[in-house]
Amino acid sequence: MVEKLHNIAEASLKAGDYGQSLDYHLKALELFRKSDDKNGAAIQSYSMGTIFEYQGRYGAALKSKEEALQTFRELQDRSFWMGEILSGYGHSLAQVGRYDEAQKNLGEAKKLAQELQNKTLLAQIYNFEGDVFFYRGDIKSAAGLYAKAGEAAAAGGEKEVVLLSKLNAAQCAVHDKKSPAPLAALRTLAQEADAQGLKFVSTQATLALAEALLNG
């Protein structure tokens, strides 16, 4: 039952229905707590943090992900989910400007992803590391990490991470005044994300396209 609730919540998140996604995660969280399943409850807390992040509620996102990470550390978990939560927590730290802490947690997550030989997780971490430099205004370093993310994502085969890696690389090109704006690429990315029901990625691509057009 809780697995179904979690999956519906994740599908709602990708479709852009954040309110419904949060409702299903809360229901799943309640059931996990009643059954004293700390692992499952922590995953719901982390997933709720991702919703808050998409809503622009970065403080709430950081708190939810921090709670999840604390539980996984107590459980001494070394699974995929530990890497996912570590990387997501690092990303939230970057979004509130705590860059050094962000890089520390992302570095720990990357080491675990390499141990697990999980290319998709590694691609996500490269994207998040790129974001740290992008937020700091170091577009060149960000672009290098997004390129690594693209390579790892292609090997992992997860379509959402592949699209996000391409989008991040395109956003760097938008900010690089020496290069032509990737208008066609951004239009294609927005269309592909829409076709896959990835509303957040589609919106980001459309905004990047608008920025490129304004710059021109």
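These legends walk through several close-up views of a predicted model.

**View 1. Ser-12, a buried residue in helix H1****.** Let us start with helix H1, which covers residues 2-14 and includes Ser-12. Is Ser-12 buried or exposed? Its relative accessible area is 5%, so Ser-12 counts as buried, the cut-off being under 20%. Which residues does Ser-12 touch, once those up to four places away in sequence are set aside? The contacts are Asp-17, Gln-20 and Ser-21.

**View 2. Tyr-54 and Phe-200, a stacked aromatic pair****.** The structure holds 4 aromatic pairs, and the one shown here joins Tyr-54 and Phe-200. Their rings are stacked, with 4.0 Å from centre to centre and 5° between the planes. The pair links distant parts of the chain, as its two residues are 146 residues apart. Tyr-54 belongs to helix H3 (residues 38-54), while Phe-200 belongs to helix H11 (residues 199-215). How accessible are these two partners? Tyr-54 has a relative accessibility of 21% and is partly exposed. Phe-200 is partly exposed too, with a relative accessible area of 26%. Neither residue counts as buried, because that label needs a value under 20%.

**View 3. A cluster of rings****.** Stay with Tyr-54 and Phe-200, and bring Tyr-18 into the picture. Ring pairs link these three residues into a cluster.

**View 4. Lys-27 over the ring of Tyr-24****.** Here a charge meets a ring: the charged end of Lys-27 sits over the ring of Tyr-24. How far is that charged end from the ring centre? The distance is 5.2 Å.

**View 5. The cavity and its lining****.** How many cavities of 30 Å³ or more does the structure hold? There is 1, and the largest cavity has a volume of about 50 Å³. Two residues from the stacked pair return here, as Tyr-54 and Phe-200 are among the residues lining the largest cavity. The other lining residues are Leu-13, Lys-14, Glu-160, Leu-198, Lys-199 and Val-201. Which helices each supply at least two residues of this lining? They are H1 and H11, and H11 gives the most, with 3 residues. Sorted by class, the lining has 5 nonpolar and 3 charged residues, with no polar ones.

How values were computed. Residues are numbered from 1 along each chain as its sequence is written. This is a predicted model: local features need pLDDT of at least 70, side-chain atom pairs count only at pLDDT 80 or more; totals for chains, interfaces and linings use all residues. Side-chain values use heavy atoms; hydrogens and water are left out. Helices (H or I, at least four residues) and strands (E, at least two) are DSSP runs, numbered from the N terminus. Buried means under 20% relative accessible area, exposed over 50%, partly exposed in between (1.4 Å probe, protein chains only). Contact means heavy atoms within 4.5 Å. Rings of Phe, Tyr and Trp (its six-membered ring) pair if their centres lie within 6.5 Å; planes under 30 degrees apart count as stacked, over 60 as edge-to-face and the rest as tilted. A charge sits over a ring if NZ of Lys or CZ of Arg is within 6 Å of the ring centre and within 35 degrees of the ring normal. On a 1 Å grid over the protein atoms alone, a cavity is a set of points where a 1.4 Å probe fits but cannot get out, and a pocket is an open set with protein on both sides within 12 Å along at least five of seven lines; lining residues have an atom within 4 Å of a point. Grid points are joined across faces, edges and corners, and a volume is the space filled by probe spheres set on the points. Ala, Val, Leu, Ile, Met, Phe, Trp, Tyr, Cys and Pro count as nonpolar, Asp, Glu, Lys and Arg as charged, and the others, Gly among them, as polar.
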